[in-house]
Amino acid sequence: MMHLILLCYFKLIISSFLNFYLFQQINTCNGFYCDYFSPNKAYKPKMWTEAWTGWYTEFGGAVPYRPAEDMAFAVARFIQKGGAFINYYMYQGGTNFGRTAGGPFIATSYDYDAPLDEYGLKRQPKWGHLKDLHRAIKLCERALVNGDPTVIQLGNYEEAHVFNYKTGGCAAFLANYNPNSYAKVAFRNMHYNLPPWSISILPDCKNTVYNTARVGAQISRKKMVPVPMHGGFSWQACNEETASDVDSTFTMVGLLEQINTTRDATDYLWYTTNVKIDPREGFLKNGKSPVLTIFSAGHALHVFVNGQLSGSSYGSLEFPKLTFNQGVNLRAGVNTISLLSIAVGLPNVGPHFETWNAGILGPVTLNGLNEGRRDLSWQKWSYKIGLKGEALSLHSLSGSSSVEWAKGSLVARRQPLTWYKTTFNAPAGNAPLALDMNSMGKGQIWINGQSIGRHWPAYKASGNCGACNYAGTFRENKCGTNCGEASQRWYHVPRSWLNPTGNLLVVFEESGGDPNGISLVRRETDSVCADIYEWQPTLMNYEMQASGKVNKPLRPKVHLECDAGQKISAVKFASFGTPEGVCGSYREGSCHAHHSYDAFNRLCLGQNFCAVTVAPEMFGGDPCPSVMKKLSVEVICN
């Protein structure tokens with residue numbers, strides 16, 4: 001009985017301790033939206049520790065992006081519902097240098113469609129639109145921290161969140177949650193037009209200074225420009241030998257899991273076995289090759305028979321397991337089958353991810369022999385961890401000098417298992433740099449001994465790359481680009497890694513590519529655009545009126561700016577009226593002011609920056625009175 005009492009007492013102490021410990025913590029939210037979230041105690045702040053600005057790129061997948069309008073809508077919705085803290089993930093994109101990619105099949109680029117891109121440049125309009133949002137929120141600060149909002153229903157999908165100032169007055173957030181329709185709402189004896197899936201911010205409960213669906217920031221289109229190099233890269237080559245049982249690390253019966261074998265010291269593990277073929281085998285006479293079937297837990301596989309590449313297979317992020325099923329050329333006598341299994345990152349999320357496997361777990365079978373099916377899974381296998389080139393450190397300056405490299409016309413193209421090296425001088429300027437690897441297959445890249453990461457341009461992107469509407473709930477596969485192209489073509493080269501001269505570039509190519517197609521490129525702005533509605537609310541307009549400097553509404557302005565050192569060289573498109581399309585593919589609508597180009601030709605050409613007022617008199621008059629108009633413009637930067 002005493003034992004039972006002590007046990008209950010002990011459980012009570014533990015329960016009390018856990019409850020105390022739990023409620024001392026501040027629970028938070030991560031996700032695309034966190035307006036629904038509530039902390040576990042009413043007195044705790046409502047915190048959004050990861051506001052996802054986009055999503056990661058996977059090899060073989062479309063490149064995801066999140067529209068600026070939806071990102072702003074999510075943040076404004078969180079704030080209007082009592083949000084106290086927001087941390088963007090990611091605010092600046094990054095690069096998974098080396099083998100640091102978190103999760104199988106995650107690309108080397110971790111750009112994440114962040115407001116500052118992988119190269120540290122502003123991603124417009126997302127950067128500017130979020131900057132304007134936080135300026136608008138700042139105008140409401142004294143009301144937001146004064147207490148909880150009063151929620152007023154304005155319609156089936158519309159509502160107002162009203163925050164009162166301590167000294168009187170209020171700030172309001174007017175929301176339209178309908179993803180399909182505009183809404184006209186009445187609030188405090190005034191009418192407001194709300195675009196679909198948007199929130200308007202009114203710091204004084206009267207004047208709109210910002211709407212999440214009305215982007216005032218410019219739109220920048222980037223390009224990769226080849227860096228001039230006399231004759232391009234001059235490559236040298238060195239072949240990586242296929243593994244054999246002669247140079248194996250160890251031999252044993254059966255198949256081993258890859259990560260437990262390599263301890264993640266390398267992406268590569270060789271599985272090698274011998275197959276004896278009787279001269280009386282029927283396929284040697286009828287020419288019908290036996291079929292080699294290999295089941296692997298992932299992630300990629302190259303099959304070599306007697307030193308020759310027979311084929312490759314690879315999985316995907318969603319389905320990492322793979323099956324190789326292909327006819328192979330075998331000869332009478334002893335044949336060597338060498339399987340190069342490749343891991344593409346470690347699992348880092350999900351239930352029991354520590355139990356996820358990689359490598360060839362079998363079965364491995366040969367079909368089409370006189371005996372029918374031969375199971376190779378439980379015969380003797382030789383294992384070699386990593387590549388010979390890795391052991392020799394061919395990616396380093398000292399290691400690359402330890403072997404003889406083929407030069408000039410002896411450099412093979414589209415040869416599997418090949419190391420390539422060249423040297424180059426750092427280009428002048430400060431523009432971000434990258435390597436264009438589009439001519440290569442799969443492998444790894446090093447500069448001056450430091451790993452740029454895995455390249456895999458041969459894995460073409462598939463997914464949803466159609467038109468993407470900002471309105472409606474965002475998910476990671478809603479908006480994508482690059483379908484049918486490499487998931488990642490360009491690989492970031494930090495300038496801090498470069499010496500003024502003599503930089504060593506080493507590429508290991510697994511499946512075969514043409515190194516002569518590799519080039520060094522710089523990232524710069526190609527063109528900038530703007531889409532501004534007439535009478536679109538602006539922060540400047542409100543601040544000028546609030547300060548008493550003006551006593552009537554101001555027209556909005558288009559602001560266009562190229563990179564430092566660039567100038568506006570041409571006006572590609574300009575239309576004040578009802579233009580259609582998006583930046584890069586604008587077209588005139590049914591209403592168009594025929595002098596739309598004039599103001600930009602006069603004020604912008606030859607300038608790094610210009611501002612043009614969105615007013616009919618700037619474009620030769622009103623082309624369609626009583627119609628809501630907007631200005632769409634695109635200028636070229638050089």
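This section describes the domain layout and two sheets of a predicted model.

The protein chain is assigned three domains. Domain 1 is built from two segments, 224-239 and 393-522. Domain 2 covers 250-386, and domain 3 covers 523-637. Between domain 1 and domain 3, the C-alpha centres are 39 Å apart.

Strands within a sheet are joined by backbone hydrogen bonds, in either a parallel or an antiparallel sense. Both senses are represented below.

The parallel case is an open sheet of three strands, ordered E1-E2-E4. Its edges are formed by E1 (29-31) and E4 (85-89). Each of these has a single partner strand, so one side of each lacks a neighbour in the sheet. The average turn between neighbouring strands is 20°, with direction ignored. Strand E2 spans residues 47-52 and pairs with E4 in the parallel sense. Four bridges make up this pairing. Trp 52 is placed opposite Tyr 89 of E4.

The antiparallel case is an open sheet of six strands. The strand order is E16-E25-E17-E22-E19-E20. Here E16 (250-253) and E20 (308-314) occupy the edges. Each again has a single partner, so one side of each is left without a neighbouring strand in the sheet. Neighbouring strands are turned against each other by 25° on average, direction ignored. Within this sheet, E17 (residues 268-277) pairs with E25 (residues 380-385). The pairing is antiparallel and runs over four bridges. Thr 272 faces Ser 382 of E25 across the pair.

Key
Residues are numbered from 1 along each chain as its sequence is written. This is a predicted model: local features need pLDDT of at least 70, side-chain atom pairs count only at pLDDT 80 or more; totals for chains, interfaces and linings use all residues. Side-chain values use heavy atoms; hydrogens and water are left out. Two strands pair if DSSP finds at least two bridges between them. Helices (H or I, at least four residues) and strands (E, at least two) are DSSP runs, numbered from the N terminus. Axes are lines fitted to C-alpha atoms, for helices over the stretch in contact, and angles run from 0 to 180 degrees between N-to-C directions. Domain bounds come from an automatic or database domain assignment.
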